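The report below describes one protein model for a reader at the bench. It begins with a local element and then turns to helix packing and the overall make-up.

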Amino acid sequence: MPIQAIESQRLYRQIAAQLSALIAAGEFPEGTRLPTERDLAEQLGVSRPSVREALIALEVQGKVEVRVGAGVFVSRARPVAVADPTSEGQGPFELLRARWLIEGEIAWEAAHNASAEDLAAVRRAVEQMQRRQREKRDAEDADRDFHLAIARATHNSALVAVARELWDQGRGAIWKRMEHHFQTPELRAAALRDHRAIQGALESRDPRRARAAMRQHLERVDREFNRGWEQIKEHESADIEVTAEDRSTRGRRLRRR
């Protein structure tokens, strides 16, 4: 038997695999609502963002249905497995934290080192994003161009490679599903304003302001994703009361990580 490479499984995939096994075993019947995010996080011994990422992964696979304002329900539909697990992408909340750390510093460097041509590329990306939004078209390519143009403005090829990897590995099926649930015209307009603020800081060659503007942009995206989940949780306990006995029983079924 040939030796096969070992893949370090992401935490959200481990959580999703355990919940999937419980669903398959009938612990959570079709059509019923899953325990609250808080309960799952406590019983599994993981963070709430990791639980959220796992639930979105299960939705992408067709195993649960996320209903904003109601909760997360076991799907009655036949599950549709993701053929290539890598197509799921990074967990959105982990990704945003990494981007906050790295792209903030990239913006700092870009403010120091950008040439006139670099700034023109950033400006073109912002204008393209505005044009796409006005035409009610997808602006993802312009968004990508914007962030990579800033990375190129550092004149550091390693930072360009890191920025490209963060973008391309992150915009997988889970990220797109999060956007599907929680992205609105108002949020897209806010993203454009954020980009203009970053552009202005770069053109002013103000490293501190550029870093702060980039981090504020990514913090806002993280905040809006979290706010979307808060809307889901608002009514999680309205229809189904989980007794202490139920929680204890379910807690024994979930292996702590």
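Strand S1, which spans residues 64-67, has two unlike faces: Val-64 and Val-66 lie on its covered face, whereas Glu-65 and Arg-67 lie on its uncovered one. These assignments, like everything that follows, are read from a predicted model. Within S1, Val-66 has a relative accessible area of 7%, and because buried means under 20%, this residue counts as buried. The C-alpha atom of Val-66 is separated by 7.8 Å from that of Ile-56, a residue 10 positions away along the chain.

The partner of S1 is strand S2 (residues 71-74), to which it is joined by 4 bridges in an antiparallel arrangement. In this pairing, Glu-65, from the uncovered face of S1, stands opposite Phe-73 of S2. The two strands form a hairpin with 3 residues between them, and in the turn Gly-69 has a positive phi of about 90 degrees.

A second glycine with a positive phi, in this case near 70 degrees, is Gly-45, which follows helix H2. How many of the 8 residues of H2 are buried? The number is 6, so this helix, residues 37-44, is largely enclosed by the rest of the structure. The buried residues of H2 are Glu-37, Asp-39, Leu-40, Ala-41, Gln-43 and Leu-44, and by residue class they include the charged Glu-37 and Asp-39 as well as the nonpolar Leu-40, Ala-41 and Leu-44.

Helix packing can be followed in two pairs. In general, two packed helices are described by the angle between their axes and the distance between the axes. The table sets these values side by side.

| Helix pair | Axes come within | Crossing angle |
|---|---|---|
| H1 (residues 11-24) and H3 (residues 48-60) | 8 Å | roughly 60 degrees |
| H5 (residues 116-134) and H9 (residues 185-203) | 10 Å | roughly 165 degrees |

With axes that cross at roughly 60 degrees, H1 is oblique to H3, and H1 passes H3 in a right-handed crossing. On the H1 side the meeting residues are Leu-11, Tyr-12, Ile-15, Ala-16, Leu-19 and Ser-20, and on the H3 side they are Ser-50, Val-51, Glu-53, Ala-54, Leu-55, Ala-57 and Leu-58. By class, the residues of this contact between H1 and H3 divide into 10 nonpolar, 2 polar and 1 charged.

For the other pair, the axes of H5 and H9 cross at roughly 165 degrees, and because an angle over 145 degrees counts as roughly antiparallel, the two helices are roughly antiparallel to each other. The crossing of H5 and H9 is left-handed. H5 contributes Leu-119, Val-122, Arg-123, Val-126, Met-129, Gln-130 and Gln-133 to the contact, while H9 contributes Arg-188, Ala-189, Ala-191, Leu-192, His-195, Arg-196, Gln-199, Leu-202 and Glu-203. The contact of H5 with H9 has 8 nonpolar, 4 polar and 4 charged residues.

These elements belong to a protein with 12 helices and 2 strands, arranged along the sequence in the pattern α-α-α-β-β-α-α-α-α-α-α-α-α-α. Of its 257 residues, 47% count as buried. Among contacts between residues at least 6 apart in sequence, 77% join residues at least 24 apart.

Notes. Residues numbered from 1 in each chain as written. Predicted model: local features only at pLDDT ≥ 70, side-chain atom pairs only at ≥ 80, totals over all residues. Heavy atoms only, no water. Buried < 20%, exposed > 50% of the residue type's maximum accessible area, 1.4 Å probe, protein only. Axes fitted to C-alpha atoms, helices over the stretch in contact; angles between N-to-C directions. Parallel < 35°, antiparallel > 145°, perpendicular 65-115°, else oblique. Left-handed = near helix turned anticlockwise from the far one by under 90°. Contact = heavy atoms within 4.5 Å. Pairing = 2+ DSSP bridges.
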